[in-house]
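Dear colleague,

I am passing on the structure we spoke about, shown just below. After it come my notes, arranged by topic for someone opening it for the first time.

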Amino acid sequence: MKAFLKNSTFGVQLVLVLFAVVVGLALTSVVMVAFPQQIPLKWLQTIQTVLVFLLPPLVVAVCVSDAPLAYLNIRIEKRWRVVVGVVCFSVLVLPFINGLVALNEALVLPQWLAPLEQWMKTMEESAKQLTEQFLSVSTWQGLFVNLLIMAALPAIGEELLFRGVLQRLFSEKWGASIGIWLTAILFSAIHLQFYGFIPRMILGAAFGYLLLWSRSIWMPILAHFMNNALAIVFFFLEYNGILTYNTDEIGVGQNWWMAVACGALSLWLLFRIKNHCDKSDKNM
């Protein structure tokens, strides 16, 4: 099928993205209103992920490109060192992210912004309670469902939308670095969890550079999935008494040095991934 918006301008494509997302939100609201009690919250979450994050980038790619898979950088990554590097980065960066979360939570707004700060705290607490409600399962089957609904689907949908479409549009308009960081800011802001804004923005930028260097959307998807999945698995182990140590404390307080060390090692590993991608590209 020939793309009917091929060679369309930045503004047209951005409006198309926003329109598709708004339609997805509207359809999600219709489902919630039509079936307020019949559909469990987890499945409503799945419906929202599909309609708001997964379908819009696919629609945009089909509308603006004759090669939608290439437009979204959907290609198999065959360089096993890159894949292993992404997995190792996703594990190694956790103490650094914990440290950033602690710093972000310590930020205090000026007194004249006290009402805004109280609203932010309320939103954060509501999001935390809802997340814990979703994650509180006691069976391996429940863990598998959580990994599918709260790790795999969001990783695929959000990366296709943010890195696959928005980062492409912003990078073509203003350059790669601005595109990556602007997308990372939007990626963090859309979650409406303000006391995790900085660490999520940093992760979003890392995902963006992984796409830039590897040219495969599967690398940021893998990193995003690993980040979500590790949090889900750790919560499951702690909730069921299998793991007694709070993994969120790694890199926090007296363990601050772990956050610094892991942050430095994570950055080094990212550049190792970049160098390997650059070398393999030259040999092609």
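Perhaps the simplest place to begin is helix H7, which covers residues 140-174, where Arg163 and Glu159 stand 4 residues apart and are therefore separated by about one helical turn. Please keep in mind throughout that this is a predicted model. The side chains of Arg163 and Glu159 come together in a salt bridge, with 2.7 Å from N to O, and both of these residues are buried.

Helix H7 also holds Arg168 and Glu172, again 4 residues apart, or about one turn of the helix, and their side chains form a salt bridge as well, at 3.2 Å from N to O. The setting of this pair can be given residue by residue: Arg168 is partly exposed, with a relative accessible area of 23%, while Glu172 is exposed, at 56%. Since buried means under 20% relative accessible area, the 23% of Arg168 places that residue in the partly exposed class.

In total, the count comes to 5 salt bridges, and one of them links Asp66 with Lys6, whose closest N and O atoms are 2.9 Å apart. Asp66 belongs to the loop between helix H2 (41-64) and helix H3 (68-71), whereas Lys6 sits in the segment before H1, so this pair ties together parts that are 60 residues apart in sequence. Asp66 is partly exposed, with a relative accessible area of 37%, and Lys6 is partly exposed too, with a value of 42%.

Turning to the surface, you will find a positive patch formed by Arg81, Arg272, Lys279 and Lys282. Which helix gives the most to this positive patch? The answer is helix H11, made up of residues 256-282, which contributes 3 residues. Lys279 has its place in helix H11, and this lysine counts as exposed because its relative accessible area is 57%, where exposed means over 50%.

There is also a nonpolar surface patch, of about 270 Å², which is made by Phe19, Val23 and Leu27. Of these residues, Val23 lies in helix H1, and with a relative accessibility of 32% Val23 counts as partly exposed.

Finally, two residues deserve a look for their backbone angles. Asn7 has a phi near 65°, which is a positive value in a residue other than glycine. Asn7 is found in the segment before helix H1, the helix that runs over 10-34, and with 71% relative accessibility Asn7 counts as exposed. Arg215 likewise has a positive phi, of about 60°, although Arg215 is not a glycine. This arginine lies in the loop between helix H9 (197-214) and helix H10 (218-239), and Arg215 is partly exposed, with a relative accessible area of 37%.

If you would like an order for looking through the model, you might start with the buried pair Arg163 and Glu159, go on to the salt bridge between Asp66 and Lys6, and then look at the positive patch that includes Lys279 and at the nonpolar patch that includes Val23.

With best regards

Conventions. Residues are numbered from 1 along each chain as its sequence is written. This is a predicted model: local features need pLDDT of at least 70, side-chain atom pairs count only at pLDDT 80 or more; totals for chains, interfaces and linings use all residues. Side-chain values use heavy atoms; hydrogens and water are left out. Patches are made of residues with over 30% relative accessible area and no salt bridge: like charges are joined within 9 Å, nonpolar side chains (Val, Leu, Ile, Met, Phe, Trp, Tyr) within 5 Å. Accessible areas come from the Shrake-Rupley method with a 1.4 Å probe; for residues, only the protein chains shown count as cover. A salt bridge is a side-chain nitrogen of Lys or Arg within 4 Å of a carboxyl oxygen of Asp or Glu. Lys and Arg count as positive and Asp and Glu as negative; His and the chain ends are not counted. The place of a charge is taken as NZ of Lys, CZ of Arg, CG of Asp or CD of Glu. Helices (H or I, at least four residues) and strands (E, at least two) are DSSP runs, numbered from the N terminus. Buried means under 20% relative accessible area, exposed over 50%, partly exposed in between (1.4 Å probe, protein chains only).
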